[in-house]
Structure formats: C-alpha cells, structure tokens
Amino acid sequence: MANEEMKKFTTAQLLNFCLGFFGLQFAWQMRIILSGPVTEALGASAFIFGLIWLAGPVTGIVVQPIIGALSDVTQTPFGRRVPYLMGGAILAAIGLFFLPRSGDIAALFGNGAPVWLGLFIAAVMIWIIDACVNAAQGPYRALIPDNIPKEQHSLANSYLSFAIGLGSVVAAGTAPLLKYAFNYNMSTNAQFAMAGAAFFLAMLWTCLTIRERKIQSVAKENIKEEERKSFIENVKEFFKLSPEVGKICTMQFFSWIGLMSMMIFFTQYAVHTVFNVPDTTSLSQSIKHLYENSMMDGQYFSQICFAVFNLVCFLVAIPIGKWAEKRGNKFVHIIALSSMALAYILMAFLPNKVSVMSAMALAGIGWASTLALPFAMLSKYIKPGTEGSIMGIFNIFIAAPQVLVCTLLAWFIDKARFTMDNGFLNNHWEYAFVVGAIMLVLAAVTASTVNEKQA
C-alpha cells in the first residue's frame, strides 16, 4: 500500500471509519452529563467540580501531543495508531465502570475513612477516563490524513462529527427514553457501564476493520526528523507552516472557552437554575431528600437537552461538510459559531425549559462545525508523516482554554451566590453562558481574518 495513491472513500467506508468515534463520544458524553451529579453527591462545590474537570484539558495538553508524536513513529504488526486506540478504550472502560462506584469504594475503608476519600477516588477515575479519551482521540484524527485524500478531509471530519452527534444522542437519550416510555429508571451505575462497553466494542470494531496505510519513504524521513526534535522545536515548526495556522489556533482557543462553558456547567445549570434546586453540598440529608425528585428531573432534562443538541449535530454534520466544500470552511464556520453564540444568550436570559431546549438545538449547529471544519482548515498545512504530532499540538488550543473555564470561570460561579426565595443558597450558573457567548463571538471574528488555503 506504500506506493498506492490514496483512493476516495465511499460512503460505506466513511461510515465504517467513524464507528470507533461513536463509541468514544458515547463514553465522553456520559462523563460530561453525569460527572456533576456524581461529584456533587460526594460534596464537590462549583469550584471543586471545576478543578476536577481539569482532568480533560491537562491530560489533553500533556497526553495528546506525546501520544500523537509516538503514534507517528510506532511500528507494530497492528499499525501505528491501533495500539493507542485500543489501549485508551480498555482503560477508559475500566474508569467508567468505577467512577459512579467511588463512594462505595471509599466505604470499604470503614467508618474511619476521611469524608473526602470518595470524592478523591471519583477525581482519579475522571482523570483516567479523560487521559484515555485523549490518548485515543489524537491518533484517531490522524487516521484521516493518513488514509483519506485531501479533498475528502472536510467530509471525513464531518463524518466524525456525525458519529459524535449520534453517539452523544444515544448516550444522553437512553435513560430518559426508558424512563418516559417504559417507566424504568436506569441507574447511574448502569449508564456508566453501558458507556464503557460502547467505547470498547466500537473501538475494537474500528481497529479490526480499518487497515492503516503504510507510510511512504518520504514520510518515514519526516518521522525520523520529528522524532529527534524537542517538543518546543515541534511547536515552532508548527507555527511556521503558515501565518494562517496561528489564526486557526486563536479561533480554536476562543471557540473552546465558549464550548466548555456550556459543557462543564450545563447539567448543574439545568438542575439549579432551570429546576430551582438550591446548592445541596451544605444541606442536611433530610433537606436533600426533599429535592431528590427535582434533582432527578433536572438531570433527565439535561440529558434530553444534550440529546437534542447532539441530534442536531448528527443531522447537520454531513450537510455542513458538503456545504463547506462548496462555500469554504471559513464562511460556514462563522455562521455556525454565530448561531451558537445566539443560543447561549437565550439560555443566559431565558432560563425556562422551552427556550433552553430550543437554544440547545440551535447550539448543535456550532458544535457540528467545530468538530469538523477547524481540523479541515488545518489539515491543508500538514506535512505527510507528521499528522499525529500536528494534531497533538493543535489539541493544546482545545485543551488550554478549558483550564481557564475549569479554574477562573468555576471560581467566579462559585463566588456568584445568591439567596433564593426559600432562604437557601444557589449559584448563578447562567453566567457560564454569558462568558461563553462573548468567547464565541471573538472566535467568529478571528475566523473572518483567516485566508483559507484551498485544497
């Protein structure tokens, strides 16, 4: 295969290619939606919850560039990327199984165990899950320039968005569907176990059915050169690819502050702002019991909203890719980011169930675009043989802004407390959407300055 010209993928091949990402996003979506309720039940405040969420960006900054570079130079009978895809899936599945059982694990240490032990165990499980998702994500993205011709990169990334949307819809919608259609309450433990199984099985299918394209001799030379370079040298080379690369990275930086402002805090916003449940971390067990049904209703509402959000992503992902092929990635992405900013404004100032669900549907357009078009814009500047390294470095501009959300924004929301009419305390979770809308507007403005290179 080394000397073969890349052949265009058929629709069936593209659908098969993205199945592993379906499982990856299934697991990630469950972690996004339910980690808040799990950690709050163990005593995590808004700020502590934000610090635990640092697992995603920190492991993204550290793990993805390293794993991406290693996957460029790894030579095994199974391929370059496959060992990292399967390793990440296996370990993440283990973390997903034990995360909701953190309190039970802490209880095994007896009554003398510190009260924070369960929360610490949950934090460790979240860090394992996030590290493994990041370990699999970079090499998976690198399979596109590895095996698919450049003119199909926008479309291939859109198929990944399609898989992400579908995986998220199924993950978010399964428990509410069972509840409202069959009056069956699926436990949190069962939902996490389902996510782990989906990640492992879907990634296994991809690894068994995708035959990695062998690298050409010129690519091997590039890989050896990249292997000798330090990380700082790789970063410098990354920005020398084109002046436009810096603009694309800045656009991603603002975009992901906006995106994670919603993803990290939406479930807590749904529970505490839309359903008016006070902060439960300092309440007695008897008072908490009074709000159990409202908390569960808020959690189900959050899952339905995420299902709607990702259903729109699923429906528009491939049309966005085709539209971008005709009108250009930049033009389509600006429209998508603007629609998401508008959705955030609606959620910030109209926190009722109808407007929030409608806004989440609108935001799904921006999500589908962000999952595909920035990568398509960047891929036009990548040298053969350096795909994993480049995607790993690019991921820094996805992960680093999340650190700001997990620390500064989480601290701000933690301090933005008010007294409800019933005398209990609550937080202004809607402030996350005000900040997010501003960041998305800045991302759209930055995107407008990019002089897009044509394939």
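These exercises work through a predicted model of one protein chain.

**Exercise 1. Describe the chain as a whole: its elements, its burial and its contacts.**

Solution.
- Step 1. Start with the elements. The chain holds 20 helices and two strands.
- Step 2. Turn to burial. The chain has 455 residues, and 59% of them are buried.
- Step 3. Look at contacts between residues at least 6 apart in sequence. Of these, 84% join residues at least 24 apart.
- Step 4. Add the surface. About 18,200 Å² is exposed, with 67% of it supplied by carbon and sulfur atoms.

**Exercise 2. Locate Asn-310, decide whether Asn-310 is buried or exposed, and find what its side chain reaches.**

Solution.
- Step 1. Place the residue. Asn-310 sits in helix α14, which covers residues 292–327.
- Step 2. Check accessibility. The cut-off for buried is under 20% relative accessible area. Asn-310 has 0% relative accessibility, so Asn-310 counts as buried.
- Step 3. Follow the side chain. The side chain of Asn-310 reaches the backbone oxygen of Phe-306 at 2.7 Å.
- Step 4. List the contacts, leaving aside neighbours within four places in sequence. Asn-310 is in contact with Gln-29, Ile-164, Gly-165, Ser-168, Val-169 and Trp-367.
- Step 5. Pick out Trp-367. Trp-367 is one of the residues with the most contacts inside the largest nonpolar core.

**Exercise 3. Which residues have the most contacts inside the largest nonpolar core, and how many residues does the core have?**

Solution.
- Step 1. Give the count. The largest nonpolar core has 129 residues.
- Step 2. Name the residues with the most contacts inside it: Met-203, Met-262, Phe-266 and Trp-367.
- Step 3. Find the main contributor. Helix α12 (residues 243–274) gives this core its largest share, 17 residues.
- Step 4. Separate the other core. Another core of five residues lies apart from the largest one, and Val-63, Ile-67, Tyr-84 and Ala-135 are among its residues.
- Step 5. Return to Met-203. Beyond neighbours within four places in sequence, Met-203 is in contact with Gly-20, Leu-24, Leu-85, Met-86, Ala-89, Ala-136 and Tyr-140.

**Exercise 4. Which element gives the most to the nonpolar surface patch?**

Solution.
- Step 1. Define the patch by its residues. Ile-90, Leu-91, Ile-94, Phe-97, Phe-98, Val-115, Trp-116, Phe-120, Val-124 and Ile-128 make a nonpolar surface patch of about 950 Å².
- Step 2. Assign elements. Those giving two or more residues are α5 (82–98) and α7 (117–147).
- Step 3. Answer. The most comes from α5, with five residues.
- Step 4. Test one residue. Ile-90 is in helix α5. Its relative accessibility is 40%, so Ile-90 counts as partly exposed.

**Exercise 5. Describe the surroundings of Phe-22 and Thr-39.**

Solution.
- Step 1. Place Phe-22. Phe-22 is in helix α2, residues 19–41. Thr-39 lies in helix α2 too.
- Step 2. Check burial. Phe-22 has a relative accessible area of 18% and is buried. Thr-39 is buried at 0% relative accessibility.
- Step 3. Take Phe-22 contacts, leaving aside neighbours within four places in sequence: Ala-163, Leu-166, Gly-167 and Val-170.
- Step 4. Add a distance. Phe-22 and Val-170 are 148 residues apart along the chain, yet their C-alpha atoms are separated by 9.6 Å.
- Step 5. Follow the Thr-39 side chain. The side chain of Thr-39 reaches the backbone oxygen of Ser-35 at 2.8 Å. A polar atom of that side chain lies 3.1 Å from the backbone oxygen of Gly-36.
- Step 6. Finish with touching residues. Not counting residues up to four places away in sequence, Thr-39 touches Ala-44, Phe-49, Ile-52, Leu-119 and Ile-126.

Terms used. Residues numbered from 1 in each chain as written. Predicted model: local features only at pLDDT ≥ 70, side-chain atom pairs only at ≥ 80, totals over all residues. Heavy atoms only, no water. Helix = DSSP H or I, 4+ residues; strand = E, 2+ residues; numbered from the N terminus. Buried < 20%, exposed > 50% of the residue type's maximum accessible area, 1.4 Å probe, protein only. Contact = heavy atoms within 4.5 Å. Areas by Shrake-Rupley, 256 points an atom, 1.4 Å probe, with all protein chains shown as cover. Polar contact = N/O pair within 3.5 Å; in protein donor to acceptor, adjacent residues only side chain to side chain. Core = buried A, V, L, I, M, F, W, Y, C linked by side-chain atoms within 4.5 Å. Patch = residues over 30% accessible without salt bridge, like charges linked within 9 Å, V, L, I, M, F, W, Y side chains within 5 Å. Salt bridge = Lys/Arg side-chain N within 4 Å of Asp/Glu carboxyl O.
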